[in-house]
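User: Please take a close look at the sheet in the first domain of chain A, and follow it outward to the parts that it touches. I would like one connected account that I can read beside the model.

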Amino acid sequence: MNAVLSHSLILSKSVLILLSVLIIVRCLRSLLSERYEAEVWAWLQLGKEQLPVTHWENLIGRSRSADIRVDRDGVSRAHAVLVRSGKGVWTVYDIFSKGGVWVNRIKISPHGAEVHSGDVINVGGTNLRFRDMTTEKRRQLEDKRTAAGKRVSPFGTLLELSVFQIFLLLQHALCSTDNLAMIALAFAALLALEWLCYSSMRLLGRSGFEIETLAFYLSSLGLSVAASSVPEDLLKQMLLTIAGVVLFLLMGWWLRSLRRVTAARGLAAAAALALLAVNVVFSEEVMGARNWLSIGGYSFQPSEFVKVLYLYVGASTLDRLYRKQNLFVFMAFSAVCVIALALIGDFGTALVFFVCFLVISFLRSGSIATVLLALTGAGMAGFLAVTVKPHIARRFAAWGHVWEDIYGAGYQQARAMSAAAAGGLFGKGAGSGWLKNIVAADTDMVFAVVCEEQGLIIAICMVLAVMALAFFAVRSARYGRSAWYAIAACGAMAMLLTQTALNVFGTMDLLPFTGVTFPFVSRGGSSLLSCWMLMAFLKGSDTRKDASFVVNPVRVLPGDTAKEAGA
Amino acid sequence: MKRITHRAFSLLLLAALIVAGLALYTIRYVDDGRDWALSFARANSGSGGALTDRSGRLLASFDAVENRYAEDAATRTACYAVTGDYWGRSGTGALTCFWDDMHNYSLLTGTTHSEAVDLQLTVDAALCRTAYEALGGRKGAVMVMDYKTGEVLCMVSAPSVDPLDTGEPPEGAYLNRCLTSSFTPGSVFKLVTAAAAIETVPDMDARLFTCEGETEIAGVRIVCAGEHGTQTFEQALANSCNVAFAEIAVKVGQENMIAHARSYGLLDRHDLDGIPSVAGSYPLDFIGDPELAWSGIGQSTDLVNPYAMLRFVAAVANGGKLAEPHLIAGRSGPFTRLVEEDTADRLAAMMNYNVASHYDGAYNFPGLNLSAKTGTAELGDGSSHAWFVGFLADEEHPYAFVVLVENGGGGLYAAGPVANAVLQQAVR
């Protein structure tokens, strides 16, 4: 290698690391420093006090954790739920309170009662006067909120990402000239895709782009891995990324209407079960698991799409949560999903579902006891799986001992750890590794491939990017309009975090090797598509002003126009 | 909503677990990254490396694709004790023990900038071949080193194996007898007893020893190989007289014997550039005079490792100072005093006298200024190990050597010609 080439390689490596860190830092900074201001939808007057109603679903009660806290005698800790429909109609529900709920002195039915501006809601003897707000007033309030992207410009972050991608391409060119045209085309397409995505968002008046930027950051690493391991499949990978973004937009559009979302939950549950049933019956066994389904020459993993449907079914609105207090149906549904996955032999995905189930059921019930119960049940089921399925037992036996059997049970991990260590902190350069030649390196061991080719720092940035997405979910859950969006976003990130942990630590022998994919980076169509769809859930909970295309702006809510027209 | 969003922080628990996992991985990475990277070093370092002998002759070379050894089977077989193989079947081969030295690894860059290192060894492949051929199919060990510099010129263990041969190897072929075996020393141990006597018994040179073919110590008969009559200390060593050395060992005493055998390094493990050798042994519990006599003659439960013996002889040859032996060229080991200078010089002179007066030096070792000691270690089953250890008192060719032929018979007759063949080639 001549000196110019090696210097360019060092330059490109430094730039890539610098930009990786910058991109993550900018996204986290935007997360920490942006003002997340609550939207105000109405007021409840309590004596002389004006209590803002900040969500579409609000818990009224004496508890500190109530959204509208009424600390008076006769009010239960969790007393009533005040809900706004997508059409702008408000309903109050009694959630098994001791004191009961009256609207304009009429005791409400178990199906709740509509409330309109000026109505008096009596909760356990305390009067709350409900004041809806005019569109004009809401507009004024909305104008005072800070729009997303004011502190940390999304344009700047995307620009950094673009430079990152160009240098990544440059590194491919420096390290090998094979398939260069194809690789350049793929990177150009990715650049075009993200800028197209960004400009459409801007045209729609939306300025929150952190989630997409992080997803595109991970995608570009995934593209680099694919370019290195299967350049002949690069076009397919690129087309899948485009398809993923299209699905993301479609899904986001679908999630805009909460009414539409909740109406289709039954359908989603049916679809999930049907997909799993088809999978159990028709799939072929590949390496111990039967998680692939082949239709007309195209093979895909149904479980990846079941993930999306599972979240869709598992998330719930607040009123529903409080009115149907048990988790029984959801638990049964989860059990069917996990058992089906166990039958298929997809232990890793079953685990991902299970952790997601834990997070969702905790979010829904707040009960640690439920979680512990579920953990115990799963522990026994897991023990059964280990004793019954030989390929799972083998992986457990090899766990922690991969170096003792580098030609047998520890074959993949020993090589992954070796190649990862050989990459050092800065990596050997795109396409210069050897681990990619090992079976399933670009899916199950992709963390090690990135360690080898891009170095430990970028590989850690890759994990941090997924964690940053999770922080977004937690942060914006606080201001979500409906519990459905908050639960769906957190559930989605629980899945992706679990996948990340299983992928990274399975490869590095800190956990048994389960063969799940790393979000966006692992090669594989189904996984990529489902990851993009999960991002739509995340966008659904982002209520910063003008941040997300999934969230209708306050100024032009269709419900209001309908009401105004009616009035 | 507030309730749910509070619960959302449970997600951070998952994130915290990932951070903890990454931290644990990073710690392991810092600790073991080197071992991990070098475990598949050939795959990790794109460039290849080579192992050569002192004259640059290729012993083994490799790149990402292929492993290679020396071209001819004779060299591959003779040098197997030195090189070992890529599979680590011999735990003491250079390809196993020096693997790390042949690859660059750093925590920061991994093996990225690793041009695999060509490692030159101090051994002479041709000399190894000569030694292996001289052993003529017998089991044994041959080592030659430069006692001025510490360079090991020859290290051969037989039987050996051609690493490219896929057939069943002879038993013990993966064992390097020079380093990882200890043997009953027989009379070569008299060098140790003599050195201990010079240092602990006054007036050794004034003493006379009478041999009538056998003697009795505390009622136990000690038999000698001959009837040597009255002899000086020097003559007793040259005669390798058991009667005289039984008397000397008893005079030195067990404690002194142990102390000196230990200080000469015969009871310790050593290493050759990190390749470990095994310790020898000498009776440490109280044994009484008759057994002490036998142990001073090199029988009893004495065991000596050939490499440890070479170190002792090399120190004697070099005025008592040992040039630490090494196998990797370009390194120069430290010098350590193993034997008092006077003792070493005296013993060296006696060994020189051995060859001139008793081993028929001019005939058996023509042209060599040889100082040596034979050993015929009786094994109790009628057979005996043949030892021949010594050095050339030759400024140009300062070589110390040890030759062992397992169950070979008489030291001079079985091991002597091997030493001669190797030394003749070495001085050429």
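Analyst: In this predicted model, five strands of chain A form an open sheet with mixed pairing, and their order across the sheet is E4-E3-E5-E6-E9. The edges are held by strand E4 (68-69) and strand E9 (113-115) of chain A, each of which has a single partner strand, so one side of each is left without a neighbour in the sheet. Further in, E3(A) and E5(A) run antiparallel to each other and are paired over four bridges. One residue pair to look for here is A:Leu59, whose bridge partner in E5(A) is A:Val81. As a guide to reading such strands, side chains in a regular strand alternate between the two faces of the sheet.

The next step outward is the domain boundary. The domain assignment of chain A gives domain 1 as 42-144 and domain 2 as 238-546, and the C-alpha centres of these two domains lie 38 Å apart. Their contact takes 15 residues from domain 1 of chain A and 16 residues from domain 2 of chain A. The area buried between the two domains is about 1400 Å², and carbon and sulfur atoms give 59% of that area. On the side of domain 1 of chain A, the residues that lose the most area to domain 2 are A:His55, A:Trp56 and A:Glu57, which together account for 42% of what that side buries.

As for specific interactions, the interface of domain 1 and domain 2 of chain A has zero salt bridges, whereas six residue pairs are in polar contact there, both members of each pair being at pLDDT 80 or more. At least two residues of the domain 1 side are supplied by each of E3, strand E5 (80-84) and helix H2 (135-144) of chain A. Of these contributions, that of E3(A) is the most, with three residues. By class, the side of domain 1 that touches domain 2 has eight nonpolar, two polar and five charged residues.

The strand E3(A) also leads to the partner chain. The contact between the chains takes 68 residues from chain A and 40 residues from chain B. The area buried between chain A and chain B is about 4200 Å², of which carbon and sulfur atoms give 73%. Between chain A and chain B the count of salt bridges is zero, while eight residue pairs across this interface are in polar contact, again with both residues at pLDDT 80 or more. Among the elements that give two or more residues to the side of chain A that touches chain B are strand E3 (57-61), helix H12 (347-365), helix H17 (456-477) and helix H18 (483-507). The largest share of that side comes from H18(A), with 11 residues, and the residues of the side divide into 45 nonpolar, 12 polar and 11 charged.

Although neither of these two interfaces has a salt bridge, the count over all chains comes to 21 salt bridges. One of them joins the side chains of A:Glu160 and A:Arg26, at 3.9 Å from N to O. A:Glu160 lies in helix H3 (residues 154-175) and A:Arg26 in helix H1 (residues 3-33) of chain A, so this pair ties together parts that are 134 residues apart in sequence.

For comparison with the pairing of E3(A) and E5(A), it is worth turning to a hairpin in the other chain. E8(B) and E9(B) run antiparallel and are joined by four bridges, and the bridge partner of B:Glu216 in E9(B) is B:Arg221. This hairpin has two residues between its strands, and B:Ala218 takes a positive phi near 50 degrees in it.

A few backbone details complete the account. Most residues other than glycine have a negative phi, and most peptide bonds are trans. A:Asp546, which is not a glycine, has a positive phi near 55 degrees and is placed in the loop between helix H19 (525-540) and helix H20 (558-566) of chain A. In chain B, the peptide bond from B:Ala158 to B:Pro159 is cis, with omega near 0 degrees, and B:Pro159 sits in the loop between strand E6 (152-158) and helix H8 (177-180) of chain B.

How values were computed
Residues numbered from 1 in each chain as written. Chains lettered and ligands numbered in written order. Predicted model: local features only at pLDDT ≥ 70, side-chain atom pairs only at ≥ 80, totals over all residues. Heavy atoms only, no water. Contact = heavy atoms within 4.5 Å. Buried area = accessible area lost by both parts, 1.4 Å probe. Salt bridge = Lys/Arg side-chain N within 4 Å of Asp/Glu carboxyl O. Polar contact = N/O pair within 3.5 Å; in protein donor to acceptor, adjacent residues only side chain to side chain. Nonpolar A, V, L, I, M, F, W, Y, C, P; charged D, E, K, R; others polar. Domains from an automatic or database assignment. Pairing = 2+ DSSP bridges.
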